[in-house]
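Trainee: Please put the model up, and then we can work through it by question and answer.

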Amino acid sequence: MLTRWLLAAGRDLIADADLIAPTPLHWRRLLGRRYNQSAELARRMAGSETISYAPDLLHRTRATRSQGGLSPAGRKRNLTGAFKLNERWRDRITGKRVLLIDDVFTTGATVERCAAVLKRGGASAVDVVTIARVERPRPV
């Protein structure tokens, strides 16, 4: 059901994408959870489209605190240097549009850091599709 929602919401982005990749989990968090929900969504999306799936495009280089309860600035600091491009993909992303899949978008710190790594690695563009977005109350 969630994949169908993502496919419908991201139809235009999917049509323009060359690669689809999930936001990565650190190996310890992956071991504890036993799956990466973003990877499962990205895999299913790629399988229903003609788009290359890059499950290991990015690596999480270090364990980070949970982002819950951190301020937007704290979230950015928490993720500084936490992501790295997998070298085996370096030649294959140059000039390509990458569609990044994340489960929850709160402040955008995770996808912002991932996109920066991909752009430095040669991607021409990085688009993001997510299941949920946290909306903070705005002062009236």
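Trainee: Which residue in β2 stands opposite Leu-19?

Mentor: This is a predicted model, in which local features need pLDDT of at least 70 and side-chain atom pairs count only at pLDDT 80 or more, while totals for chains, interfaces and linings use all residues. Residues are numbered from 1 along each chain as its sequence is written, and side-chain values use heavy atoms, with hydrogens and water left out. β1 and β2 pair in the parallel sense over two bridges, where pairing requires that DSSP finds at least two bridges between the strands. In β2, Ile-20 has Tyr-53 opposite, and the residue opposite Leu-19 is Ser-52.

Trainee: How many helices and how many strands does the protein have?

Mentor: Helices are DSSP runs of H or I with at least four residues, strands are runs of E with at least two, and both are numbered from the N terminus. Read from the N terminus, the elements go α-α-β-α-α-β-β-α-β-α-β-α-β. The totals are seven helices and six strands.

Trainee: In what order do four strands form the open sheet?

Mentor: β1 is joined in parallel to β5 over four bridges. β5 in turn is joined to β6 by eight bridges, also parallel. β2 (52-53) and β6 (125-133) are the edge strands, each paired on one side only. The order is therefore β2-β1-β5-β6.

Trainee: What is the bridge partner of Ile-101 in β6?

Mentor: On the β1 side, β5 places Val-98 opposite Leu-19 and Leu-99 opposite Ile-20. Towards β6, the bridge partner of Ile-101 is Val-129.

Trainee: Are the residues on the two faces of β1 buried or exposed?

Mentor: Buried is under 20% relative accessible area, exposed is over 50%, and partly exposed lies in between, with a 1.4 Å probe and protein chains only. One face of β1 carries Leu-19 and Ala-21, the other Ile-20 and Pro-22. Both faces are covered, and the state of these four residues is buried.

Trainee: Which element gives the largest share of the largest nonpolar core?

Mentor: Such a core is a set of buried Ala, Val, Leu, Ile, Met, Phe, Trp, Tyr and Cys residues joined through side-chain atoms within 4.5 Å. The largest has 21 residues, and Leu-57, Ile-93, Val-98, Leu-118 and Val-126 have the most contacts inside it. Elements giving two or more residues are β1 (19-22), β4 (83-85), β5 (97-105) and α7. The largest share, six residues, comes from α7.

Trainee: How far apart are the end C-alpha atoms of α7?

Mentor: The expected span of a helix is 1.5 Å times one less than its number of residues. Helix α7 (residues 109-120) has 12 residues, so it should span 16 Å. The model agrees with this, as the end C-alpha atoms are apart by 17 Å.

Trainee: At about what angle does α7 run to β5?

Mentor: Axes are lines fitted to C-alpha atoms, for helices over the stretch in contact, and angles between N-to-C directions run from 0 to 180 degrees. α7 lies across β5 and β6, and its buried residues include Val-111, Cys-114 and Leu-118. The angle to β5 is about 165°.

Trainee: Which residues does Ile-93 touch, not counting those up to four places away in sequence?

Mentor: Contact means heavy atoms within 4.5 Å. Ile-93 is among the residues with the most contacts inside the 21-residue core. One of its partners, Gly-122, follows α7 and has a positive phi, near 115°. The full set is Leu-19, Leu-57, Leu-85, Leu-118, Gly-121, Gly-122 and Ala-123.

Trainee: Why does His-59 count as partly exposed?

Mentor: His-59 lies in strand β3 (residues 58-60). Leaving aside neighbours within four places in sequence, His-59 is in contact with Pro-24, Ala-82, Phe-83, Lys-84 and Asn-86. His-59 is partly exposed because its relative accessible area is 37%.

Trainee: How far apart in space are Arg-43 and Ala-21, C-alpha to C-alpha?

Mentor: Arg-43 is found in helix α4 (residues 37-48). With 39% relative accessibility, Arg-43 counts as partly exposed. Arg-43 and Ala-21 are 22 residues apart in sequence, and their C-alpha distance is 8.1 Å.
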